[in-house]
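Biologist: I have some questions about this model. Can you put it up and take me through a few places?

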Amino acid sequence: MPATDKTDRTMTSVTAQEALDFHSQGRPGKLEISPTKAMATQRDLSLAYSPGVAVPVKAIAEDPNTAYDYTTRGNMVAVISNGTAILGLGNLGALASKPVMEGKAVLFKRFADVDSIDLEVDTENVDEFINCVRFLGPSFGGINLEDIKAPDCFIIEQKLREVMDIPVFHDDQHGTAIIAAAGLINALALTGRDFKTTKLVCNGAGAAAIACIELIKSMGFASDNIILCDTKGVIFEGRTEGMNQWKSAHAVKTDRRTLAEALDGADVVFGLSAKGALSEDMVRSMAPRPIIFAMANPDPEITPEEVARIRDDAIVATGRSDYPNQVNNVLGFPYIFRGALDVRATTINDEMKIAAAEALASLAKEDVPDDVAAAYQGNRPRFGPQYIIPVPFDPRLISAIPMAVAKAAMESGVARKPITDLEAYGRQLSARRDPIASTLQRIYERVRRQPKRIVFAEGEEVQVMRSAIAYANQQLGTAILLGREERMRETAEREGIDLDRPGIQIVNARLSKRVSAYTDYLYARLQRKGFLFRDAQRLINNDRNHFAACMVALGDADGMVTGLTRNYSTALEDVRRCIDPKPGHRVIGVSIALCRGRTVLVADTAVHDMPSSEELADIAEEAAGLAKRLGYVPRVAMLAYSTFGHPQGERSERVREAVNILDKRRVDFEYDGEMAADVALNARVMEQYPFCRLSGTANVLVMPAFHSASISTKMLQELGGSTVIGPLLVGFDKSIQIVSMSAKDSDIVNMAAIAAYNAGM
């Protein structure tokens, strides 16, 4: 079995004591249960339990399908084992398997937002195990079997699939098979082979090996071209020693009897056996450009270094995280169950497994985002012999795999709740892993209906090129890359980026026919601010921020995004030379903080250092306006270190005066202050001030100064686990956004989408 979602069983980087400390510190183990509904009042308890709980009980009794609506069943998987085949450690019993099963449950939640409970069944009797699990069916939407020895696992899974109407999936079998099949699809493509003519040898005849062979056969691999081997050699027709019904199903007519003989001239070898099972001589005898999947655990049948000594044309995959092309089950099971649960599938069939494998293979061919590059210590992988399988932290897995699985379930007739809009489903999936995606979803949807031209000022930067392509690919509009085309194309070719695609436009500032118009425009703005004509000309010719801002100012683009190559204040100064605030508005920065299901806007996080009372009032109006445009009903808290006059202080007086100014302006949103942050955000604390004018906890926080805004948002990120978007620029007459110099490509795309959204307001 390959190194799966569990652990890298080598202890080279993790000591035994570190592992024990990790599991014992704080609350022992890796799981806890948290309520999803408020439990703060007696009424809450009455609704959650007696008498309110009787209502959904009766509804489920009348229609069992409503259990998916009123309980956790639709998002709950049981992770079940009897501990007879734990990791590579063997039969250590049900209780010893609990840390592994807890780990599996954690991975379900971390990668696909699937809730799960580990259940350790203390019996090795197959019938007892089956009866225990089958009667637990009403509690769960799916069953994940784990670490059960062969051949018991075959019998258990087959019988449970027959008697249960929910997916039953033995991950040690099918998870391994799906990931290996995905890697095989790409390895065959890279070596010019196909499923029908390729010759494959599989060494090992346990649960994972049998599942691998069965899956690739269902994908079109010719049975006669697969030789299965175990510790006694080739499994051939007529062999009786060490056989069972699962091995016999894959016996072939052949005169080869040993693994070495089987591998002579073979194109592919799957190793699911033991360390050292493949020798250098065996690999040397394989066909040109051999494909070697050495997936034994904890150590592969042969290491990539050993292969490299004798073959320079091989594609090698292992189960190890410290080598390229890791066959890692976490790429499969969370997302497969996610898709199956979301359509309420009755089973996970071959069509769904194949769809998952093909989706994984396709994903590996796509240009990877910054999150993946970070997992490779900054080295961005590209599709090829060293990258045929995606890595576990690829954020696109959450949408790509469940969508493929759900679609296959619907097409194969096992879905009880079909999804009508797969594109919307994909966006919902992304939001499960990324709270930003949920907040930005309405922005993306609006921009797709009204696509905009966004100029990416730093177009020669690799990250910016990738962001522009993502912007265009998501049908948000035209991405205008500003820079020297020759330089861009050289970089793009080196990095494997395709700029010749719809939605991408390249503009060279020096060659543009609009240089003269932009220069005249800028000179007219700056001539009474100490700038000569040649100064304006130099800025247009040599500075892309000024050129891009003038494009937006004169209507040649709808919006602009910049900031990757220079600090925020410098980029803001560049833009301000070209574009004014919207009449009657003030330019500010607003950050969006997302934490534990709450969304709060914080201002000003970018522009005003120590705002006056008048400026604080303006900031409140601008932030409230943004909240409205994002679909929120603003409740603005004017924050200070004091609350409604206590304790006294100069800064608090400015905040109180800002509230008075808002009173005189008769604004159309809720606001109050001065107040401390806990009063603004905690309903119970706010109740101590019955005269407070806010109808609920604040969702817009106006900080008394820039430094407090910056400190608080960064603390939320680092200590509170919040996700912070921004700062977003608000108040310009044209749509401009500035990213931080540390922005990832996903951040740049989000800011471009926001720029496009604001351009349409």
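Modeller: We can go through two helices, some salt bridges, two single residues and a surface patch.

Biologist: What kind of model is this, and what cut-offs apply?

Modeller: This is a predicted model, in which local features need pLDDT of at least 70 and side-chain atom pairs count only at pLDDT 80 or more, while totals for chains, interfaces and linings use all residues. Residues are numbered from 1 along each chain as its sequence is written, and side-chain values use heavy atoms, with hydrogens and water left out.

Biologist: Start with α15. How many residues does it have, and how far does it reach?

Modeller: Helix α15 covers residues 350-364, which is 15 residues, and reaches 21 Å from first to last C-alpha, close to the 21 Å expected at 1.5 Å a residue. The expected span is 1.5 Å times one less than the number of residues. Helices here are DSSP runs of H or I with at least four residues, strands are runs of E with at least two, and both are numbered from the N terminus.

Biologist: Is α15 mostly covered or mostly open?

Modeller: Mostly covered, with eleven of its 15 residues buried. Buried means under 20% relative accessible area, exposed means over 50%, and partly exposed lies in between, with a 1.4 Å probe and protein chains only. Among the buried residues of α15 are M352, K353, I354, L360 and L363.

Biologist: And what do they pack against?

Modeller: The buried residues of α15 pack against α7 (152-163), α8 (171-190), α9 (207-218), α14 (333-342) and α17 (397-411); contact means heavy atoms within 4.5 Å.

Biologist: Which residue caps the N-terminal end of α15?

Modeller: N349 does, with a side-chain oxygen 3.3 Å from the backbone nitrogen of E351.

Biologist: You listed α17 as a neighbour. What does S399 do there?

Modeller: S399 lies in α17 and counts as buried at 17% relative accessibility. Its side chain reaches the backbone oxygen of R396 at 3.2 Å. Leaving out residues up to four places away in sequence, S399 touches G426, L429 and S430.

Biologist: Salt bridges next. How many are there in the whole structure?

Modeller: A search finds 50. A salt bridge is a side-chain nitrogen of Lys or Arg within 4 Å of a carboxyl oxygen of Asp or Glu.

Biologist: What about D171 and K104, how far apart are the closest N and O atoms?

Modeller: They are 2.4 Å apart in that salt bridge. The pair links distant parts of the chain, with D171 in helix α8 and K104 in helix α5 (residues 98-112), 67 residues apart.

Biologist: Is D171 buried or exposed? And K104?

Modeller: D171 counts as buried, at 0% relative accessibility. K104 also counts as buried, at 1%.

Biologist: Which residue does R665 pair with?

Modeller: R665 forms a salt bridge with D618, with 2.8 Å between the closest N and O atoms. That pair also links distant parts of the chain: R665 is in helix α27 (residues 650-665) and D618 is in helix α26 (residues 613-629), 47 residues apart. R665 is partly exposed at 28% relative accessibility, whereas D618 is buried at 16%. Salt bridges with shared partners join R586, E614, E615, D618, E621 and R665 into one network.

Biologist: What covers the buried residues of α26?

Modeller: The cover includes β15 (588-595), β16 (598-603), β17 (635-639), α27, β19 (700-702) and β20 (723-730). Among the buried residues of α26 are L616, D618, I619 and L626.

Biologist: And what follows α26?

Modeller: G631, whose phi is positive, near 100°.

Biologist: Change of topic. Where is K247, and what does its side chain contact?

Modeller: K247 is in helix α10 (residues 245-248) and is buried, with a relative accessible area of 12%. Its side chain makes a polar contact with the side chain of D230 at 3.0 Å. A polar contact is a pair of N or O atoms within 3.5 Å; within protein, one must be able to donate a hydrogen and the other to accept it, and residues adjacent in sequence count only if both atoms are side-chain atoms.

Biologist: Last one. Which residues form the nonpolar surface patch with M715?

Modeller: I711 and L719 join M715 in that patch, with about 340 Å² of accessible area together. Areas come from the Shrake-Rupley method with a 1.4 Å probe, and for residues only the protein chains shown count as cover. Patches are made of residues with over 30% relative accessible area and no salt bridge, with like charges joined within 9 Å and nonpolar side chains (Val, Leu, Ile, Met, Phe, Trp, Tyr) within 5 Å. M715 is in helix α30 (residues 706-720) and is partly exposed at 45%.
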